[in-house]
Amino acid sequence: MATHLIQGRTVAMPVRVRDAEVCSAFYAVRADAARAVIAYSGLDVAEILPGKAVCVLLFVDYRDGDLDPYHEFGMAFLVRPPGVSGTGGLRDLRQAGVFVHWLPVDQSFTLEAGRTLWGFPKELADIELRLGSPYKRCILRKDGRLVLDILIKAGVPAPGATVMAPLDAYTHRDGITRRVPWSVRARGAKVRPGGALIRLGNHPIAKELSELGLPKRAMFTSTVTRAAMSFGEAVEV
């Protein structure tokens, strides 16, 4: 079993999350704008429709896991795996992975672990989560500036989503693109079309989102009240 030393602590692989709450919103955005955002990675977006890519915004309350409790926000894109040529449509979607473009967190241990172990683009930020009602809210500030305020309304139960087959995750850091194997088991999953309200602030990431066409109606949103995850060793691609 591989182990790593992070801030004087031994972290064993795979890294496990025993309990987390996850809220996600999926947006159809201009593929050319999304390509410009992730051009540094060497990856290409998956086109679900001609000229349309998918941007995913998510926020997570990690309540129990190997990297301690923390809050996280993510901005990601569905991408074609390295070396796979795309034809667009459902074929692109079936083969897609998810490229993590930005991943602010509110604790330093998970920040260092995420960067060191997988190349995740973690940064420290102020992440306020309000999860105590059917309306799940995340208020994200970085360097004293509002990035966004997003509200997701829980949908209808999705009982078949107890065991999910997640997409491969990809990261890019220090000139290296990596694939991160992971798995997730979900309880209390709900989905709905639309279901998100978003207000952008004046941070550079908010500008990126604006250039993608946000705020706009989400294709769909999902909430998972109890998720367990496992993250394996990153592999360079």
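**Exercise 1. The chain as a whole**

What percentage of the 237 residues in the protein chain do buried residues make up? Work this out for the predicted model, and then describe the overall dimensions of the chain.

*Solution.* Step one is burial: in this predicted model, buried residues account for 50% of the 237 residues in the protein chain. Step two is the secondary structure, which comes to four helices and 17 strands. Step three sets the radius of gyration against a rule: a compact globule with 237 residues would have a value near 18 Å, and the protein chain has 17 Å, which agrees. The C-alpha trace spans about 45 × 45 × 40 Å along its principal axes. Step four turns to contacts, where, among those between residues at least 6 apart in sequence, 68% join residues at least 24 apart. Finally, the accessible surface of the protein chain comes to about 10800 Å², and 54% of that area belongs to carbon and sulfur atoms.

**Exercise 2. Aromatic rings**

Determine how the rings of Tyr62 and Tyr70 are arranged, then do likewise for Trp118 and Phe120.

*Solution.* A pair of aromatic rings is described by the distance of the centres and the angle of the planes. The structure holds seven aromatic pairs. In one of them, the centres of the Tyr62 and Tyr70 rings are 4.4 Å apart and the planes lie at 20°, so this pair is stacked. Tyr62 is buried, with a relative accessible area of 6%, and Tyr70 also counts as buried, at 7% relative accessibility. For Trp118 and Phe120 the centres are 5.7 Å apart and the planes are at 55°, so the pair is tilted. Both Trp118 and Phe120 are buried, and together with Trp182 and Phe231 they form one aromatic cluster. A ring can also be partnered by a charge: the charged end of Arg9 sits over the ring of Phe109, 3.9 Å from its centre.

**Exercise 3. Two helices and their buried sides**

Identify the buried residues of helices α1 and α4, and explain how they are placed around each helix axis.

*Solution.* An α-helix has 3.6 residues a turn, so residues three or four places apart point the same way. In helix α1 (residues 31-38), the buried residues are Ala31, Ala33, Ala34, Val37 and Ile38. They cover an arc of only 160° around the axis, which puts them on the same side of α1. The partners against which these buried residues pack are β3, β4, β5, β6 and α4. In helix α4 (residues 204-211), the buried residues are Ile205, Ala206 and Leu209. Their arc is only 105° around the axis, which places them on the same side of α4. The buried residues of α4 pack against β4 (52-65), β5 (70-79), β6 (97-102), β9 (145-153) and β15 (196-200). After α4 comes Gly213, whose phi is positive, near 105°.

**Exercise 4. Backbone exceptions**

Locate the cis peptide bonds that lead into Pro14 and Pro215, and place the positive phi values of Asp143 and Asp174 in their loops.

*Solution.* Most residues other than glycine have a negative phi, and most peptide bonds are trans. The bond from Met13 to Pro14 is cis, with omega near -5°, and Pro14 lies in the loop between β2 (9-12) and β3 (15-30). The bond from Leu214 to Pro215 is likewise cis, with omega near 0°, and Pro215 has its place in the loop between α4 and β16 (220-231). Turning to phi, Asp143 has a positive value of about 55° although it is not a glycine. Asp143 lies in the loop between β8 (135-142) and β9, and it is exposed, with a relative accessible area of 64%. Asp174, which is not a glycine either, has a positive phi of about 55°. Asp174 is found in the loop between β12 (169-173) and β13 (176-180), and at 68% relative accessibility it counts as exposed.

**Exercise 5. One residue in a strand**

Is Ser24 buried or exposed, and which residues does Ser24 touch?

*Solution.* Begin with its position: Ser24 lies in strand β3. Its relative accessibility is 9%, and since buried means under 20%, Ser24 counts as buried. Leaving aside residues up to four places away in sequence, Ser24 touches Leu57, Leu58, Ile152, Phe220, Thr221 and Ser222.

Conventions:
Residues numbered from 1 in each chain as written. Predicted model: local features only at pLDDT ≥ 70, side-chain atom pairs only at ≥ 80, totals over all residues. Heavy atoms only, no water. Phe/Tyr/Trp six-rings, centres within 6.5 Å; stacked < 30°, edge-to-face > 60°. Buried < 20%, exposed > 50% of the residue type's maximum accessible area, 1.4 Å probe, protein only. Lys NZ or Arg CZ within 6 Å of the ring centre and 35° of its normal. Arc of directions from axis to C-beta. Contact = heavy atoms within 4.5 Å. Rg over C-alpha atoms; globule rule 2.2 N^0.38 Å. Areas by Shrake-Rupley, 256 points an atom, 1.4 Å probe, with all protein chains shown as cover.
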